[in-house]
Amino acid sequence: MSDLEIRTAEPSDAAAVLAFWRTAAEGTSVSDDEAGVRGLVARDPGALLLAESGGLLVGTVIAGFDGWRCSLYRLAVLPTHRRRGIASALLAAAERRFVELGGRRADAMVLEANERAHPAWRAAGYHREDHWRRWVKPLPRP
């Protein structure tokens, strides 16, 4: 897409990002609220990348780096704008960020049930590691 702009999210983008995820992303998270999105942006200002076309939010990815691991979450593209290179552009921006920060490997969180996404991740050079499993525990809210 020639008019695609990728930028980092601002705290004021939180409501729009949440609305976008309800339309474009698979699954939900305990952090899917404005405080969660604003907290992400405050903690790691470059992590939430937004793709816009003509002022319309058309894609997102969270490219988090904790100093040890590079983690990708919430790669999502507006259904009406898929297969136009938006996900590839977001991943390229995320990977550039990781390299600039000294990252060595990117790990992507991809839902098993989201089989539509698997070929896209493979095409981007990612592979599934079956010997890992994610273990989670919800934490109490303060």
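Aspartate 32 counts as partly exposed in this predicted model, with a relative accessibility of 28%. Its side chain meets that of arginine 74 in a salt bridge, with 3.0 Å from N to O. Because aspartate 32 lies in the loop between α1 (14-24) and α2 (34-43), while arginine 74 belongs to strand β4 (residues 70-77), the pair ties together parts that are 42 residues apart in sequence. Arginine 74, at 15% relative accessibility, counts as buried, since the limit for that class is under 20%.

This salt bridge is one of nine that a search of the whole structure finds. Another joins glutamate 34 to arginine 38, whose closest N and O atoms are 3.1 Å apart; here the partners are four residues apart in helix α2, and so are separated by about one helical turn. Glutamate 34 is partly exposed, with a relative accessible area of 37%, and arginine 38 is likewise classed as partly exposed, at 36%. A further salt bridge links the side chains of aspartate 130 and arginine 128, at 2.3 Å from N to O, and aspartate 130 counts as partly exposed at 46% relative accessibility. Salt bridges that share partners also join Arg7, Asp13 and Glu52 into one network.

Glutamate 34 and arginine 38 appear again where the two helices meet. The axes of α1 and α2 come within 9 Å and cross at roughly 115 degrees, and the crossing is right-handed. On the α1 side the contact is made by Ala14, Ala15, Leu18 and Trp21, which meet Glu34, Val37 and Arg38 of α2. By class, the residues of this contact divide into five nonpolar and two charged, with no polar ones.

From the helices the reader can turn to the sheet. It is an open sheet of five strands in the order β1-β2-β3-β4-β5, with mixed pairing. Strands of a sheet pair through backbone hydrogen bonds, either parallel or antiparallel. At the edges stand β1 (4-8) and β5 (106-108), each with a single partner strand, so one side of each is left without a neighbour in the sheet. From one strand to the next the twist averages 25 degrees. Helix α1 packs on this sheet, where it touches β2 (48-53), β3 and β4, and its direction makes about 100 degrees with that of β3.

Strand β3 (residues 56-65) takes part in two antiparallel pairings, with six bridges joining it to β2 and six bridges to β4. In the pairing with β2, leucine 48 has isoleucine 62 of β3 as its bridge partner. The two strands form a hairpin with two residues between them, and glycine 54 in the turn has a positive phi of about 60 degrees. On the β4 side, alanine 63 stands opposite leucine 72, and phenylalanine 65 stands opposite cysteine 70. These strands, β3 and β4, also form a hairpin, with four residues between them and with glycine 67 in the turn at a positive phi of about 95 degrees.

How many of the ten residues of β3 are buried? Nine of them are, and therefore β3 is largely enclosed by the rest of the structure. Its neighbour β4 carries arginine 74, and this leads back to the starting point, the salt bridge that ties β4 to the loop between α1 and α2.

Technical notes. Residues numbered from 1 in each chain as written. Predicted model: local features only at pLDDT ≥ 70, side-chain atom pairs only at ≥ 80, totals over all residues. Heavy atoms only, no water. Salt bridge = Lys/Arg side-chain N within 4 Å of Asp/Glu carboxyl O. Buried < 20%, exposed > 50% of the residue type's maximum accessible area, 1.4 Å probe, protein only. Pairing = 2+ DSSP bridges. Axes fitted to C-alpha atoms, helices over the stretch in contact; angles between N-to-C directions. Contact = heavy atoms within 4.5 Å. Left-handed = near helix turned anticlockwise from the far one by under 90°. Nonpolar A, V, L, I, M, F, W, Y, C, P; charged D, E, K, R; others polar.
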